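Dear colleague,

Please find below the structure that I am handing over to you. The findings follow it, beginning with a question.

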Amino acid sequence: MDIVYWICAILLIGLGIFRIALPEESIYLRAHWRFKDCEPSETYIKMERFGGILCIVFAVIFIVIAL
């Protein structure tokens with residue numbers, strides 16, 4: 001069962017880094033089919049980065065559980 005926590009943690013860390021570093025691309029990949037030529041607001045970009053931080057926090061929790 002520990003290997004599942006490690007795999008989830010690695011995936012969450014990757015997703016979190018992607019959402020923090022490239023929030024516009026993350027928004028585009030997730031919601032491009034709903035909007036046409038739409039520019040995300042600054043608040044939406046900040047919330048995307050906050051979601052990335054939460055992903056990394058959950059990854060750390062998974063790593064602690066796996067130890």
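How many nonpolar, polar and charged residues are there in the lining of the largest pocket? The model is a predicted one, and in it this lining has seven nonpolar residues, one polar residue and four charged residues. Glu24, Ile27, Tyr28, Ala31, His32, Phe35, Lys36, Asp37, Cys38, Glu39, Pro40 and Tyr44 line the pocket. The space within the largest pocket comes to about 240 Å³. Helix H2, which covers residues 23-31, gives the most to this lining, contributing four residues.

I turn next to the salt bridges, of which the count is two. In general, side chains of opposite charge can pair when their charged atoms come close.

One salt bridge is formed by Arg19 with Glu48, whose closest N and O atoms are 2.9 Å apart. Because Arg19 lies in helix H1 (residues 2-21) and Glu48 in helix H3 (residues 42-66), this pair ties together parts that are 29 residues apart in sequence. Arg19 counts as buried, with a relative accessibility of 17%, and Glu48 also counts as buried, at 3%.

Glu48 also meets Arg30 through their side chains in a salt bridge, at 2.9 Å from N to O. Here Glu48 lies in helix H3 and Arg30 in helix H2, so the pair ties together parts that are 18 residues apart in sequence. Arg30 has a relative accessibility of 37% and therefore counts as partly exposed. Through shared partners, the salt bridges join Arg19, Arg30 and Glu48 into one network.

With kind regards

Terms used
Residues numbered from 1 in each chain as written. Predicted model: local features only at pLDDT ≥ 70, side-chain atom pairs only at ≥ 80, totals over all residues. Heavy atoms only, no water. 1 Å grid on protein atoms, 1.4 Å probe; cavity = no way out; pocket = protein on both sides within 12 Å on 5 of 7 lines; lining within 4 Å. Points joined across faces, edges and corners; volume = space filled by probe spheres on them. Helix = DSSP H or I, 4+ residues; strand = E, 2+ residues; numbered from the N terminus. Nonpolar A, V, L, I, M, F, W, Y, C, P; charged D, E, K, R; others polar. Salt bridge = Lys/Arg side-chain N within 4 Å of Asp/Glu carboxyl O. Buried < 20%, exposed > 50% of the residue type's maximum accessible area, 1.4 Å probe, protein only.
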